[in-house]
Amino acid sequence: MASSCRRPEHTAPPEVFYNEAEAKKYSQNSRMIEIQTQMSERAVELLNLPEEQSCYLLDVGCGSGLSGDYLSEEGHYWVGVDISTAMLDVALDREVEGDLLVGDMGQGMPFRPGTFDGCISISALQWLCNADKRSHSPPKRLYTFFSSLYSSLSRGSRAVFQLYPENSEQLELITTQAMRAGFSGGMVVDYPNSSKAKKFFLCLFAGASGVLPKGLGSETSDRSVQDQVQFSGQRCRFKNMKGKSAKKGRDWILEKKERRRRQGREVRADTKYTGRQRRPHF
């Protein structure tokens with residue numbers, strides 16, 4: 001996971017951090033442009049769009065339109081949403097081909113149901129995990145975003161988010177809210193054994209579940225490292241135990257171990273002794 005000491009979302013809210021100077025610097029950095037293009041290409045690949053067919057796509061956190069440039073090159077039409085007016089001004093100066101909209105993704109997507117054939121987002125989703133105002137609740141803002149996005153996508157389409165998660169708890173928070181909103185899917189990790197090349201893509205299916213794509217570099221990775229994490233909307237409920245708290249019971253322990261397995265951690269195998277009551281030692 002990325003280190004928190006240099007994370008921009010810990011510095012200031014996005015509309016403040018991406019001011020005029022930062023927006024110009026971001027859009028003129030050749031290395032940044034190259035990385036943005038590569039991640040956009042991978043995101044579109046994971047969308048699995050019909051070949052030789054123009055689609056209508058949504059770019060969330062479009063910034064100065066670098067990812068939109070790749071969409072236009074591929075022959076797609078797109079709408080970009082971003083909270084930073086400075087970034088959108090740079091996009092206008094660059095004369096990008098997509099339509100641009102100022103908006104806070106945490107307040108939901110203001111589009112009609114079934115408008116888009118797919119959605120991509122590059123390096124934006126992790127910003128919703130921060131509470132920049134007293135009224136902000138990350139779980140509520142994530143759910144509002146995902147539920148409105150689910151509505152605006154056509155059934156059977158996909159949404160792909162490239163993100164830089166701070167830790168496994170943040171990943172679980174994001175995926176949990178996405179599943180609550182109706183999505184299925186999971187996390188695709190490219191190059192899981194590389195600290196520099198590792199990339200996280202949240203691949204979501206709207207309306208119809210599909211096969212989760214394989215992460216790049218997974219064929220050379222250690223078998224013990226999970227490069228894909230599958231999520232579903234099912235919940236494991238604890239059994240009601242008379243006079244006992246569900247916490248620390250067998251069901252609670254099994255659910256906790258399963259959650260850690262989904263996070264890629266090493267967990268001991270389940271046995272008939274898992275969660276058993278032990279006699280007190282004096």
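Helix 2 passes helix 5 in a right-handed crossing (the near helix is turned clockwise from the far one by less than a right angle). This is a predicted model, where local features need pLDDT of at least 70 and side-chain atom pairs count only at pLDDT 80 or more, while totals for chains, interfaces and linings use all residues. Residues are numbered from 1 along each chain as its sequence is written, and side-chain values use heavy atoms, leaving out hydrogens and water.

**Helix 2 and helix 5**
- Helix 2 (residues 20-28) and helix 5 (residues 85-93) have axes 8 Å apart, at an angle of about 45°.
- That makes the pair oblique (not under 35, not over 145 and not 65 to 115 degrees).
- On the helix 2 side, Glu20, Ala23, Lys24, Tyr26 and Ser27 make the contact (heavy atoms within 4.5 Å), and on the helix 5 side it's Ala86, Met87 and Val90.
- Sorted by class, that's 5 nonpolar, 1 polar and 2 charged residues.

**Helix 6 on its own**
- Helix 6 (residues 138-152) has 15 residues, so at 1.5 Å a residue it should span 21 Å, and its end C-alpha atoms are indeed 21 Å apart.
- Its buried residues (under 20% relative accessible area, 1.4 Å probe, protein chains only) include Leu142, Phe145, Phe146 and Leu149, and also Arg141.
- The buried residues of helix 6 pack against strands 1, 4, 5 and 7, plus helix 7 (168-180).

**Helix 6 and helix 7**
- The axes of helix 6 and helix 7 come within 8 Å and cross at roughly 45°, and the crossing is right-handed.
- Pro138, Pro139, Leu142, Tyr143 and Phe146 in helix 6 meet Leu173, Ile174, Gln177, Ala178 and Arg180 in helix 7.
- By class, this contact has 8 nonpolar, 1 polar and 1 charged residues.

Note on methods. Helix = DSSP H or I, 4+ residues; strand = E, 2+ residues; numbered from the N terminus. Expected span 1.5 Å × (residues − 1). Buried < 20%, exposed > 50% of the residue type's maximum accessible area, 1.4 Å probe, protein only. Axes fitted to C-alpha atoms, helices over the stretch in contact; angles between N-to-C directions. Nonpolar A, V, L, I, M, F, W, Y, C, P; charged D, E, K, R; others polar.
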